[in-house]
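These are my notebook entries on a structure that I went through element by element. The sequence and the coordinates come first, and the entries follow.

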Amino acid sequence: MPDVILALLRIIFLGLVYLFVWQVARAIGSHLGISLKRERREGTRLLMVRSETQQGTEIEVSDATVLGRSSEADVLLDDPYASEFHMRLLAQENGLVLHDLGSTNGTYVNGRRVTAPTTLRRGDSVQVGKTVMEVR
Amino acid sequence: MTRKAEGFTILLASALAAFGVTLVNFANSGTLDAQSALTFLVFAIAFGALFVATQTWAPRASSLLIAPVAALTAIGFLEIYRLDPARAGLQRWWLLIAAAVAGSVLYLLHLGSTEILRRYRYTILLVSVILLLLPNLPSDWGFPLRGLEVNGSRLWVVFDAGLTPFSLQFQPAELAKLGLVIFVAAYLADHQHALRQAHRQVGPFRLPEPRQLLPLLITWGLSVFILISQRDLGASLLLFASFVLLLYAATGGGGYLVSGGLMTLLAGFAGYYAFDHVQRRVAGWLQPFENFEDAGYQISQGLFALGSGSLSGAGPGLGRPDLIPNAATDFIFAAVGEELGFAGTVAVLALYGLIMAVGLGIAFRSRDTFRKLLAAGLTFVLGVQTFLIIGGVLRLVPLTGITLPFMSYGGSALVGNLVLVAILLRISHEEAK
């Protein structure tokens, strides 16, 4: 009789070990899943649809990204009308948020000049000087 | 994982250790004693303290690291207890000490961030090299700090000032390996661009500039020197392999892997012809049964243990892992295989795999080069060490007497590895958004 109990307890022990491994693996998996989802999420990329030199360039925004004419900016805007540090894009839960950094010639979202932080949606167009970008 | 879930899994791991101890007692004498409760308490206090320290001093740290470490420690502890209850009692004390040291490291890094590790890289290098050389001190001089030779390898240091009735023994290499990884990560972070850009085309291979190879040659020399003077195959291989992997991670140059592999083979062949103990190791690896009486005995017993374990094992306390020499240190994996079977060993491998995944995940997400390389390097050290010893037990590679992280009996190893985990936790906290 004790042999049966021992065998049973042994299997329970192994079962508990696997329960544990499964729980940890699931937690790690869901962690990775979130980051994968974030990369694929819509509305976090800008495609340059009109530009003299950068047409077709895609800008992936993962965190805070500064766009401007300066080589110090995260993403270079090759446009004579762009300011050194023209605008900042912030990736947030509900999409990209655009801040104009007091640029000389302004930033236009769907043709309207930006005066306050603006949340961008998929399909919006962002214009700086002669460069037009579309949110993908 | 949320905080609550992490706390719960830590308690579950503690319960696992206690349950294992209960099973061993039940199998041996059919009685229950206070050991199970004591084990649960010590595990819950040690890992609970590490958990609380993380929440206090690195609140944004990854919540995925402590739980698998606790589970591995629990499974290892069950086998240590089964093999030698007296040593298990000591290991419980060491677990408490290790958690306290790891907590203090979290506090120190909270005060100064990981930048202090980078700033004091040369001091850390100096201390590590001194630590590595400590076992070379004479065993019979009047100074209270002495080297000690165990099983033909000179890895131990004894501190015996005559103040206490017992002497304190430790393996300085377990801490030195952390210091060396910190130094190498800082060095590579400083010279990353030069290393990445300077290449020389030799036929189909892109090889790094000879001048840039200098650090590689220096660590190679250092590890060969350790091999010769201390006869420590494991530590020198661990050091060198981790460093080559770090160079590869820092530069993306496959040439480092090729040249590192060639240098390892070169050192291996030279060592084979120069030292009889390397010859014995290789003989025990290639023909364990032909050398059963001699070099192959330990490996053969380990293989018998793994084989007799079959699918679900003999059960805790019901196998004979005590027949394997050094089962509680080098061969703990074979002991797990005998008593928990194939199922148990796969679970152990899965837990190591998860820890590697979390460690490399922390490295991937890091934006600062030094922290990225440090997280990768620490993970490499854990991974290479696990591979070398499990591979040695399974006869995949020659046996190098190093400990299995978190599971083997040994105080210095437990302290060193929990400090490693603490640094990883701190990096994940600093790199969290």
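**Entry 1. Scope and contacts in chain A**

Among contacts in chain A between residues at least 6 apart in sequence, what percentage join residues at least 24 apart? I found that 39% of these contacts do. I took two residues to be in contact if their C-beta atoms, placed from the backbone, lie within 7 Å.

I note at once that this is a predicted model, in which local features need pLDDT of at least 70, side-chain atom pairs count only at pLDDT 80 or more, and totals for chains, interfaces and linings use all residues. Residues are numbered from 1 along each chain as its sequence is written, while chains are lettered from A and ligands numbered from 1 in the order in which they are written.

**Entry 2. Confidence**

I looked up pLDDT, the predictor's confidence in each residue, from 0 to 100. Chain A has a mean of 81, with 89% of its residues at 70 or more. Among the elements of chain A, the lowest mean pLDDT, 75, belongs to helix α1 (residues 2-40), and the highest, 90, to strand β7 (residues 108-109). Over residues 34-39 of chain A, pLDDT stays under 50, and the model has 0 contacts for them beyond four places in sequence.

**Entry 3. Elements of chain A**

I counted elements as DSSP runs, numbered from the N terminus: helices are H or I of at least four residues, and strands are E of at least two. Chain A has 1 helix and 11 strands. From the N terminus on, the helix precedes the strands, in the order α-β-β-β-β-β-β-β-β-β-β-β.

I also checked burial: a residue is buried if 20 or more other C-beta atoms lie within 10 Å of its own, exposed if 12 or fewer, and partly exposed in between, with C-beta atoms placed from the backbone. Of the 136 residues in chain A, 26% are buried.

**Entry 4. The five-stranded sheet**

I treated two strands as paired if DSSP finds at least two bridges between them. Chain A holds an open sheet of 5 strands in the order β4-β3-β5-β6-β9, with mixed pairing. Its edge strands are β4 (75-76) and β9 (118-120), each pairing on one side only.

I then went through the pairs. β3(A), residues 64-68, runs parallel to β4(A) with 2 bridges, and G68(A) stands opposite L76(A) there. β3(A) also runs antiparallel to β5(A), with 4 bridges; T65(A) has L89(A) as its bridge partner. β5(A), residues 87-92, pairs with β6(A), residues 95-100, in the antiparallel sense over 6 bridges, and M87(A) has D100(A) as its bridge partner.

**Entry 5. H99(A)**

Is H99(A), which lies in strand β6 of chain A, buried or partly exposed? I found H99(A) to be partly exposed, because 16 other C-beta atoms lie within 10 Å. Leaving aside neighbours within four places in sequence, H99(A) is in contact with M87(A), R88(A) and P117(A). The C-alpha atoms of H99(A) and V66(A), 33 residues apart along the chain, are separated by 9.4 Å.

**Entry 6. Strand β10(A) and its partners**

Strand β10 of chain A, residues 125-128, has V126(A) and V128(A) on a covered face and S125(A) and Q127(A) on an uncovered one. β10(A) pairs with β7(A) in the antiparallel sense over 2 bridges, where V126(A) stands opposite V109(A). With β11(A), residues 131-135, β10(A) runs antiparallel over 4 bridges; Q127(A) has V132(A) as its bridge partner. The hairpin of β10(A) and β11(A) has 2 residues between the strands, and G129(A) takes a positive phi near 55° in this hairpin.

**Entry 7. Chain B**

Two packed helices are described by the angle between their axes and the distance between the axes. In chain B, the axes of α3 (residues 66-83) and α4 (residues 85-112) come within 8 Å and cross at roughly 150°. These axes are lines fitted to C-alpha atoms over the stretch in contact, with angles from 0 to 180 degrees between N-to-C directions. α3(B) and α4(B) are therefore roughly antiparallel, a term for angles over 145 degrees (under 35 is roughly parallel, 65 to 115 roughly perpendicular, the rest oblique). T73(B), F77(B), I80(B) and Y81(B) in α3(B) meet residues of α4(B) including P85(B), R87(B) and L95(B).

**Entry 8. Between the chains**

I finally found 18 residues of chain A in contact with 28 residues of chain B. The chain A side has 15 nonpolar, 2 polar and 1 charged residues, where Ala, Val, Leu, Ile, Met, Phe, Trp, Tyr, Cys and Pro count as nonpolar, Asp, Glu, Lys and Arg as charged, and the others, Gly among them, as polar.
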